[in-house]
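Colleague: Please take a close look at the spaces in this model, both open and enclosed. I should also like to hear about the salt bridges among the parts that surround them.

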Amino acid sequence: MGDYADLAGVRTWYETEGSGDPLVLLHGGFCTNETWGAQRPELAASYRLYLPERRAHGHTPDVEGPLSYTDMAGDTVAFLESVVGGPAHLVGWSDGGVVALLTALARPDLVRRMVLIGATFRPASEAFVAPEMLDALTPDSADMAFFRELYVAASPDGPDHWPAVATRMIDMWRTQPTLDAGDLAAVRSPTLVMAGDDDLMTLEHTAALYRALHDARLAVVPGASHLVPLEKPAEVDRLILDHLAGGEDGTMMPVLRAPAPAPGRDPTG
């Protein structure tokens with residue numbers, strides 16, 4: 001069961017489940033809360049889940065003007081403040097990961113730990129393995145059939161509004177996000193960066209995201225694609241829960257996380 005929250009500028013549909021510390025699940029582009037089905041039972045056993053559907057997605061209506069990750073992050077900040085009532089962990093998949101990153105930059109006080117799955121910090125032309133795939137995407141193309149069905153089944157704007165949403169979403173992917181390493185270094189939330197080994201994003205881009213963040217861990221799931229939460233749900237759930245639980249990494253030979261030498265001490269010994 002779900003309900004609507006009247007946030008500034010957009011009436012947002014959300015669902016809740018479980019009990020414990022708040023955990024917000026941010027779905028991917030063109031997706032709905034339905035795509036978190038493999039994660040909800042396991043995560044709800046330990047956390048109070050909040051699942052908002054972003055503007056122009058699922059049960060949440062579209063808004064006037066272009067679609068942007070920045071506006072979606074603003075919606076998420078408003079959701080954290082008015083519905084969750086304070087800071088929470090964020091798990092973002094694909095576009096949801098971008099929204100989580102921007103939320104952590106805008107309001108670090110509202111973000112505890114993050115998990116970013118198949119996320120990007122640059123436009124498709126710089127991040128996708130095959131950026132030319134966008135040229136083949138149209139509202140009525142075969143590759144969009146799954147997303148079109150999700151939209152038609154839930155949207156209060158009706159099926160005829162799908163082309164307007166699909167066109168603007170694809171335009172957003174072509175030009176957004178536009179973060180750089182300096183922006184990412186400002187994120188202070190401990191973050192798990194996760195991807196499939198055959199993801200839409202290049203492994204090089206995923207590694208660059210991991211390296212640029214101040215406090216990050218990296219998980220590349222073998223035999224998985226951009227749909228890794230659906231393909232490897234048990235592994236994904238374990239990685240999420242381990243990261244959100246916190247604790248020390250405890251590696252025997254740290255390099256990136258090696259402690260800085262004390263002032264005045266010769267680091268070579």
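Modeller: The account below takes the pockets, then the cavities, and then the salt bridges.

The model is predicted, so local features need pLDDT of at least 70 and side-chain atom pairs count only at pLDDT 80 or more, while totals for chains, interfaces and linings use all residues. Residues are numbered from 1 along each chain as its sequence is written, and side-chain values use heavy atoms, without hydrogens or water.

On a 1 Å grid over the protein atoms alone, a pocket is an open set of points with protein on both sides within 12 Å along at least five of seven lines, whereas in a cavity a 1.4 Å probe fits but cannot get out; lining residues have an atom within 4 Å of a point.

The largest pocket has a volume (the space filled by probe spheres set on grid points, which are joined across faces, edges and corners) of about 550 Å³. Thirty residues line this pocket, and those nearest to its centre are G29, F147, W173, L200 and H226. Two or more residues of the lining come from each of α3 (95-106), α5 (133-136) and α6 (145-154). Helices here are DSSP runs of H or I, at least four residues long, and strands are runs of E, at least two long, numbered from the N terminus. By class, the lining of the largest pocket holds 19 nonpolar, eight polar and three charged residues. In this scheme Ala, Val, Leu, Ile, Met, Phe, Trp, Tyr, Cys and Pro are nonpolar, Asp, Glu, Lys and Arg are charged, and the others, Gly among them, are polar.

The second largest pocket has a volume of about 170 Å³. Ten residues form its lining, and R217, L239, D242, H243 and D249 are the closest to the centre. Helix α11, which covers residues 233-245, contributes the most to this lining, with three residues. Here the classes are two nonpolar, three polar and five charged residues.

We turn now to the enclosed spaces. A search of the whole structure finds two cavities of 30 Å³ or more. The largest cavity holds about 80 Å³ of space. Its lining consists of L7, V10, T12, L26, P52, E53, R54, R55, M72, D75, T76 and F79. Both β2 (10-17) and α2 supply at least two residues of this lining, and α2 has the largest share, four residues. The lining of the largest cavity divides into six nonpolar, two polar and four charged residues.

About 50 Å³ is the volume of the second largest cavity. The residues around this space are F30, C31, T32, A56, H57, G58, F147, L150, Y151, W162, V165 and M169. Helices α6 and α7 are the elements that give two or more residues to this lining. No charged residue lines the second largest cavity; nine of the lining residues are nonpolar and three are polar. F147 deserves a second glance: this residue is listed in the lining of the second largest cavity, and it is also among those nearest the centre of the largest pocket.

The salt bridges complete the picture. A salt bridge is a side-chain nitrogen of Lys or Arg within 4 Å of a carboxyl oxygen of Asp or Glu, and the structure holds 13 of them. One of these joins R168 to D62, with the closest N and O atoms 2.6 Å apart. R168 lies in helix α7 (residues 162-175) and D62 in the loop between β4 (47-52) and α2 (69-84), so this pair ties together parts that are 106 residues apart in sequence. R168 counts as buried because its relative accessibility is 18%, and D62 is also buried, at 15%. Buried means under 20% relative accessible area, exposed means over 50%, and partly exposed lies in between (1.4 Å probe, protein chains only).

D109 and R107 also meet through their side chains, at 2.8 Å from N to O. At 48% relative accessibility D109 is partly exposed, and R107 falls into the partly exposed class with 24%.

R217, already named among the residues closest to the centre of the second largest pocket, forms a salt bridge with D215, in which the closest N and O atoms are 2.2 Å apart. R217 is buried, with a relative accessible area of 18%, whereas D215 is partly exposed, at 23%. Elsewhere, E15, E17 and R40 are joined into one network by salt bridges that share partners.
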